[in-house]
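Let's take a walk through this one, starting with the cysteines and ending with a cavity. Have the structure open as you read.

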Amino acid sequence: MEIFDFYRKDRWPHVFCPGCGNGTVMNCFYRAFSELDLPLERTAFVGGIGCSSRIPLYISSDALHTTHGRAIAFATGLRLSKPDLKVVVFTGDGDLGAIGGNHFINGCRRNVDMTVICINNNIYGMTGGQASITTPHDFLSTTTPFGNKEYPFDLAELAVAAGANYVARWTTRHVHELTKSIKTALQKKGFAFVEVISQCPTNFGRRNKMADPTQMLEWFKESSVRRDKVRTAAVDHFDLNMAGQITIGEFVDRNRECYEELIGVEKHG
Amino acid sequence: MRTPRGEYFLQGNEACVEGAMSSGVRFFAGYPITPSTEIAEGLAQRLKGTNGVFLQMEDEIACISAIIGASWGGTKSMTATSGPGFSLMQEAIGYAAMSETPIVIVNVMRGGPSTGQPTRASQGDVMQTKYGSHGDYQVIAFAPASVQEMFDLTIESFNYAEKYRVPAFLLSDAEVGHMRGLLSVPEQLKIVDRKEKGLKRADEAYDVPDDLVHPFPTFGKGHKAMVTGMTHAEDSRIEPEDVKTHQELVKRLSEKILKNRKDINKWELVSPGSKTMIISYGSAALGPKEVAAKDERVGLLRLKSLWPLPEEPIYEVANQCERILVCEMNLGMMYWPIKRVALEAGCKKVELLSKIGGEPPTPSDVRHKLRGMGAI
């Protein structure tokens with residue numbers, strides 16, 4: 001499929017700022033999707049509220065742009081009522097991990113067949129740069145003008161613990177690995193979760209001495225450590241900051257029976 | 001699998017389950033809450049072995065979100081809850097109104113605010129149903145007063161939700177939900193299905209003009225549907241900054257319901273033309289009904305639908321009587337819109353019998369109040 005057939009050209013220009021990581025993730029997703037030769041008209045895209053949650057509206061297929069935090073709950077209903085549809089959720093750190101945290105962990109646990117891609121830019125970008133649940137410790141935002149005193153969530157480890165069938169984390173610096181993981185996630189039966197650490201130069205980088213998106217990509221490159229080669233003890237993995245590291249890689253790849261199989265809904269067609 | 005023709009002795013909540021099954025519900029998501037739980041339990045049983053799905057979610061927000069998602073998959077979807085769960089659902093009720101998603105929400109009302117009286121009846125959520133989510137929107141709500149109506153009005157809720165692409169509510173209460181009584185199921189039931197984009201079926205939903213209710217673009221059928229809770233133009237393009245787009249959309253969402261008030265509203269009249277008329281609904285109307293049946297000086301207008309406000313029957317009743325008594329199980333909610341219509345109709349004496357605490361007003365409560373008004 002040609003890239004311009006994949007997107008809704010009539011919806012452009014898009015809302016993303018120059019240097020935003022969303023374009024990179026969209027490109028990787030398109031590449032994975034078209035290399036697998038999946039039918040676009042049999043795929044529905046679901047988003048919550050936020051920058052990354054706008055992506056479904058730019059893809060040339062059925063799109064459900066929902067309320068803040070509830071994308072996985074909407075996607076669960078859609079998928080179970082129409083099991084012949086592939087369901088892909090685009091979400092962000094605030095949408096998925098803060099307001100939608102309960103739906104996220106229960107989605108992993110329920111293991112309904114869907115691919116969830118979380119673009120984690122460590123900030124509330126659309127509302128102008130407030131601290132999120134993944135803002136690293138001591139970093140600046142408009143709501144943490146003296147440094148963030150909280151510690152960030154590790155969304156990927158959370159998904160592993162909650163029972164997702166596939167979990168991977170990459171950054172926008174790791175486009176090949178990311179594309180490969182999205183491919184695996186799209187083929188995976190059950191709940192597949194791909195977290196992408198992404199740059200928001202406008203609202204995160206600018207306040208943290210990385211106003212140039214390339215500086216952020218450099219930061220990703222330098223702090224990324226493969227999960228099997230992490231520098232600190234497992235207990236410190238969550239400490240995603242400059243002094244620490246960004247744990248990347250495939251976290252889990254397993255084949256628990258998905259919910260559709262367990263309740264026999266796939267036969268409905 | 002619909003309920004076979006016949007006579008049944010059931011609980012109100014069980015009759016609601018049968019009404020939903022007979023309407024063709026294929027997706028239910030629920031969260032345990034008294035006094036509505038029997039509906040979830042019943043559908044967990046009844047949906048098994050059909051091509052439907054029963055789902056217990058992590059909270060009520062997830063329930064209503066899931067049924068909206070399921071509705072876009074093209075299935076008739078429903079949830080059931082009570083006060084605290086209903087409060088949680090408000091954000092997605094606005095979403096369903098804005099995105100024009102047909103869903104049915106059953107609220108078996110209990111005493112509030114907050115956790116209040118989990119096992120006791122109330123009618124404290126009637127305003128929240130219409131005004132609970134932010135922004136301007138209209139919904140459809142029915143108020144059953146018997147086991148039979150739990151069945152009949154569940155079907156109507158589905159029919160009108162489908163016909164007008166709107167969230168429809170069954171506003172029951174702990175009294176009606178838990179009462180036991182006879183249910184008579186006829187051979188023929190009127191079932192309405194939503195008008196689908198690109199299809200033309202012999203269904204009354206297709207009679208509604210397209211400029212008022214757009215045909216429904218079911219997911220997975222190549223429509224490239226774009227569903228959003230943001231202000232959107234006719235072609236679903238997001239236009240949150242455009243004044244005209246917002247005006248057109250939000251006005252249409254209201255008009256499609258208000259213009260069809262006569263089609264939607266349902267009521268029962270006992271002794272019309274009486275000098276004193278009681279206006280009531282749900283289990284609060286049971287005491288007044290007994291009084292009106294025995295006392296010729298008193299009549300009753302029992303509203304079977306609450307939203308959109310049945311202005312025509314209220315106006316007609318108010319136009320012909322000397323005084324009105326509004327009877328409800330809250331501190332006066334429907335009293336105010338009813339009084340507004342009554343004043344417009346020229347009836348100046350509109351009083352309120354309000355009873356909270358969980359017991360519906362008894363016939364003697366009603367007679368006592370009527371004596372105080374000089375009506376009997």
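First, a cut-off to keep in mind: a residue is called buried when its relative accessible area is under 20%, and exposed when that area is over 50%, with partly exposed in between. Keep in mind too that this is a predicted model.

Now to the cysteines. How many disulfides does the structure hold over all chains? The count is 0. A disulfide needs two cysteine sulfur atoms within 2.5 Å. Take A:Cys20: the closest cysteine sulfur belongs to A:Cys51 and sits 6.4 Å away, so that pair is too far apart for a bond. A:Cys108 is in no disulfide either, and its nearest cysteine sulfur, in A:Cys118, is 11 Å off.

Buried or exposed, where does A:Cys108 fall? Its relative accessibility is 0%, so A:Cys108 counts as buried. A:Cys20, on the other hand, has a relative accessible area of 22%, which means it is partly exposed.

On to the empty space inside. There are 3 cavities of 30 Å³ or more, and the second largest has a volume of about 50 Å³. What lines this second largest cavity? Among the lining residues are A:Gly69, A:Arg70, A:Ile72, A:Asp95, A:His103 and A:Phe104. In terms of elements, α3 (71-81), α4 (93-98) and α5 (101-110) of chain A each give two or more residues to that lining. As for character, the lining of the second largest cavity splits into 4 nonpolar, 4 polar and 2 charged residues.

Methods:
Residues are numbered from 1 along each chain as its sequence is written. Chains are lettered from A and ligands numbered from 1 in the order in which they are written. This is a predicted model: local features need pLDDT of at least 70, side-chain atom pairs count only at pLDDT 80 or more; totals for chains, interfaces and linings use all residues. Side-chain values use heavy atoms; hydrogens and water are left out. Buried means under 20% relative accessible area, exposed over 50%, partly exposed in between (1.4 Å probe, protein chains only). On a 1 Å grid over the protein atoms alone, a cavity is a set of points where a 1.4 Å probe fits but cannot get out, and a pocket is an open set with protein on both sides within 12 Å along at least five of seven lines; lining residues have an atom within 4 Å of a point. Grid points are joined across faces, edges and corners, and a volume is the space filled by probe spheres set on the points. Helices (H or I, at least four residues) and strands (E, at least two) are DSSP runs, numbered from the N terminus. Ala, Val, Leu, Ile, Met, Phe, Trp, Tyr, Cys and Pro count as nonpolar, Asp, Glu, Lys and Arg as charged, and the others, Gly among them, as polar.
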